[in-house]
Amino acid sequence: MSLFEHPDFDQHEQVSFFHDAESGLSAIIAVHNTKLGASLGGCRMWPYANSQEALTDVLRLSKGMTYKAAMAGLPQGGGKAVIIGNPRHDKTQALMYAMGKAVDTFKGQYVIAEDSGISVQDLQYMATQSHHVAGTSAKFAYDGSPADGNPAPSTAYGVYMGVKAAVEHVMNSSLKGKTVAIQGVGHVGLRLARHLHKAGANLIVADIFNEGVEIAKNELGARVVDPQEIHAMEADVFAPCAMGGAINDKSISEIKAPIIAGAANNQLASKQMDKLLLEKNIVYVPDYVINAGGIIDIYHQRNESSAQALRAQLEQIGDTVKNIITRSQTEKKPSEEVANILAEEKFKFS
Ligand code: NAD
């Protein structure tokens, strides 16, 4: 398998493959860039069809973490880990111990955290083998409520600040009376819905499962629509909070909201989408800018910080969003391109 020729290889500092016959662990850890500090990023466990697919994922995700941390103003680099396997069937304690040992070989230059398929309990097993494991517990929440280590409340609050800033900037208005269409009301989407409801916004929601939509309907008065239609709603904001690729060849021509701002990672199915959105006069708030609340939370939990400092940094997401929209509009450049330039200025030339 070629690494240096891989289309997603982007001068990654280190890419390591791990195999442990006893536990059955097959994993890859990629450290993209540590110019600003040790790399941090979640571990994804997924039944990848082959190691090439896993490599592609870890190369892309680790690079994304460098940009996310730089943009959020954290003294941190980007890294990511993937375990090849089905989290529902292949997970064992021994596998997590082996993963913890793999993480420890980086001697702190890679700090592992939670991502899809990995729980707080899994991280606690890894933490028995390495000190370089984040997200095993939390000392405080940004709003003073009890914290359990789940970063979703911080992510949702950061997304809310970003949505609020985008509406203020683009529409010169508060959220009162505005309509937000949320795709996916899970850990982040439902919490975002609650913030928006409190601010007086009207909600339209969709999910492939009932639990979140029922709560949104009964508790927040949300209108529930089919998941196939949510992106095409007459709304002021479309907030993708489900999986990646919400903005794709098909959906782009159907989106009516003038603003796209949501929590999901990798919202643009391809690079061209960013340019097409600009041409259509739709303001796209880059996903890694608005959804940085999770890593901001982990950073503050690990660095003897406080709820107040965490909250202040989450609220800065709003200012960053306004800055990016302004530059995108004045320079007539796609917003993600603007964000990438700003992030690169921080981690390449600092
Ligand atoms: P989650 O799994 O709790 O919620 C996602 C929701 O989307 C689920 O309720 C799921 O049923 C729904 N969904 C899936 N496919 C759908 C579809 N086609 N249409 C409508 N709904 C659909 O996940 P989460 O933690 O809320 O994360 C949501 C997104 O935000 C993900 O893309 C994640 O990578 C990203 N993100 C999350 C965090 C965090 O702190 N949890 C941080 C940064 C980014």
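1. Helix α1 lies across β1, β2 (25-33), β3 and β4, and its direction runs at about 155° to β4. The model is a predicted one, and the points below should be read with that in mind.

2. The sheet under α1 comes next. It is an open sheet of 5 strands in the order β1-β2-β4-β3-β5, with mixed pairing. The edges are taken by β1 (14-20) and β5 (110-114); each has a single partner strand, so one side of each is left without a neighbour in the sheet. Direction ignored, neighbouring strands of this sheet are turned by 25° against each other on average.

3. At the β5 edge, the pairing can be followed to a residue pair. Strand β3 (residues 39-46) and β5 pair in the parallel sense over 5 bridges. L40 has V111 as its bridge partner in β5.

4. A further helix belongs with this sheet. Helix α2 (residues 93-104) lies across β1, β2, β3, β4 and β5. The direction of α2 is at about 30° to β2.

5. Is Q76 buried or exposed? Q76 sits in the loop between α1 (51-71) and β4 (77-84). Its relative accessibility is 8%, and because the cut-off for buried is under 20%, Q76 counts as buried. Leaving aside residues up to four places away in sequence, Q76 touches L36, G37, A38, L40, A69, I295 and Y299. Among these contacts is L40, the residue bridged to V111 in β5.

6. The second sheet is also open. Its 6 strands follow the order β8-β7-β6-β9-β10-β11, and the pairing is parallel. The edge strands are β8 (223-224) and β11 (283-284), each of which pairs on one side only. Helix α6 (residues 210-220) packs on this sheet, where it touches β7 (202-206) and β8. The direction of α6 makes about 160° with that of β7.

7. At the β11 edge of the second sheet, strand β10 (residues 259-260) pairs with β11 in the parallel sense over 2 bridges. The bridge partner of I260 in β11 is Y284.

8. Which residues line the largest cavity? The structure holds 1 cavity of 30 Å³ or more, and about 50 Å³ of space lies in the largest cavity. The lining consists of G135, S137, A138, G149, P151, D297, I298 and Q301. By class, the lining residues divide into 3 nonpolar, 4 polar and 1 charged.

9. Two backbone values deserve a check. N172 has a positive phi of about 55° although it is not a glycine. N172 is placed in the loop between α4 (152-171) and β6 (179-183). With a relative accessible area of 71%, N172 is exposed, because the cut-off for that class is over 50%.

10. E304 is the other residue to look at. Phi of E304 is near 45°, a positive value in a residue other than glycine. E304 lies in the loop between α9 (293-302) and α10 (307-331). The relative accessible area of E304 is 69%, so E304 is exposed as well.

Terms used
Residues are numbered from 1 along each chain as its sequence is written. This is a predicted model: local features need pLDDT of at least 70, side-chain atom pairs count only at pLDDT 80 or more; totals for chains, interfaces and linings use all residues. Side-chain values use heavy atoms; hydrogens and water are left out. On a 1 Å grid over the protein atoms alone, a cavity is a set of points where a 1.4 Å probe fits but cannot get out, and a pocket is an open set with protein on both sides within 12 Å along at least five of seven lines; lining residues have an atom within 4 Å of a point. Grid points are joined across faces, edges and corners, and a volume is the space filled by probe spheres set on the points. Ala, Val, Leu, Ile, Met, Phe, Trp, Tyr, Cys and Pro count as nonpolar, Asp, Glu, Lys and Arg as charged, and the others, Gly among them, as polar. Helices (H or I, at least four residues) and strands (E, at least two) are DSSP runs, numbered from the N terminus. Buried means under 20% relative accessible area, exposed over 50%, partly exposed in between (1.4 Å probe, protein chains only). Contact means heavy atoms within 4.5 Å. Two strands pair if DSSP finds at least two bridges between them. Axes are lines fitted to C-alpha atoms, for helices over the stretch in contact, and angles run from 0 to 180 degrees between N-to-C directions.
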